[in-house]
Amino acid sequence: MSAPSNPFHVAASHIDQMRQAAIYADDGALPARIKALAALLWSVSSRCEPCIAHYARKAVELGANREEMAEMLAIASTMGGCVGEMWALKAFAAAKTAGSGEGEVACCPQ
């Protein structure tokens with residue numbers, strides 16, 4: 001299979017490679033599940049609904065449990081007030097559907 005030639009697809013491919021190295025790899029100081037939870041926190045902060053769904057599911061896939069997600073999303077609620085709480089609840093809803101295939105959306109289209 002040849003490499004994508006569309007500039008957007010090339011950029012998306014590079015972003016995915018960065019995600020693999022910076023978030024999903026377990027070879028750093030932090031485990032991948034914690035890095036995925038941090039990406040989820042950032043997604044809530046930026047109010048990116050597709051990102052929230054993606055990173056909530058990815059965190060669960062990487063082994064984050066309900067208690068870890070609750071603590072991380074409590075930070076989002078605390079730092080974001082009522083708006084942060086609303087987006088944190090969206091993240092919890094997305095995590096509940098992890099692995100079901102329901103509403104699967106990638107953070108950034110490729």
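In this predicted model, Gly63 lies just after helix α3 and adopts a positive phi of about 105 degrees. A positive phi also follows helix α2, where the residue concerned is Arg47, with a value near 55 degrees. Arg47 takes this conformation although it is not a glycine. The residue belongs to the loop between α2 and α3. With a relative accessible area of 47%, Arg47 is classed as partly exposed, because that class covers values between the 20% limit for buried and the 50% limit for exposed residues.

Helix α3 comprises residues 49–61. Its 13 residues should span 18 Å at 1.5 Å a residue, and the end C-alpha atoms are indeed 18 Å apart, so the expected and computed spans agree. The buried residues of α3 form an unbroken run in the numbering from Cys51 and Ile52 through Ala53, His54, Tyr55, Ala56, Arg57 and Lys58 to Ala59. The elements that cover these buried positions include α1, α2 and α4.

Helix α2 extends over residues 32–46 and contains 15 residues. The distance from its first C-alpha to its last is 21 Å, close to the 21 Å expected at 1.5 Å a residue. Burial in α2 involves Ala32, Lys35, Ala36, Leu37, Ala39, Leu40, Ser43 and Val44. Among the elements covering the buried residues of α2 are α1, α3 and α4, the last of these formed by residues 66–96.

The packing of α1 against α3 was then examined. Two packed helices are described by the angle between their axes and the distance between the axes. Helix α1, residues 7–24, packs with α3 at an angle of about 50 degrees, and the two axes are 13 Å apart. This angle makes α1 oblique to α3, because it falls between the limit of 35 degrees for a roughly parallel pair and the 65 degrees at which the roughly perpendicular range begins. The crossing of α1 past α3 is right-handed.

The contact between these helices brings Arg19, Ile23 and Tyr24 of α1 together with His54, Tyr55 and Lys58 of α3. By character, the residues of this contact comprise 3 nonpolar, 1 polar and 2 charged. His54, Tyr55 and Lys58, which supply the α3 side of the contact, are also listed among the buried residues of that helix.

Methods. Residues are numbered from 1 along each chain as its sequence is written. This is a predicted model: local features need pLDDT of at least 70, side-chain atom pairs count only at pLDDT 80 or more; totals for chains, interfaces and linings use all residues. Side-chain values use heavy atoms; hydrogens and water are left out. Axes are lines fitted to C-alpha atoms, for helices over the stretch in contact, and angles run from 0 to 180 degrees between N-to-C directions. Helices (H or I, at least four residues) and strands (E, at least two) are DSSP runs, numbered from the N terminus. Angles under 35 degrees count as roughly parallel, over 145 as roughly antiparallel, 65 to 115 as roughly perpendicular and the rest as oblique. A crossing is left-handed if the near helix is turned anticlockwise from the far one by less than a right angle, and right-handed if clockwise. Contact means heavy atoms within 4.5 Å. Ala, Val, Leu, Ile, Met, Phe, Trp, Tyr, Cys and Pro count as nonpolar, Asp, Glu, Lys and Arg as charged, and the others, Gly among them, as polar. The expected span of a helix is 1.5 Å times one less than its number of residues. Buried means under 20% relative accessible area, exposed over 50%, partly exposed in between (1.4 Å probe, protein chains only).
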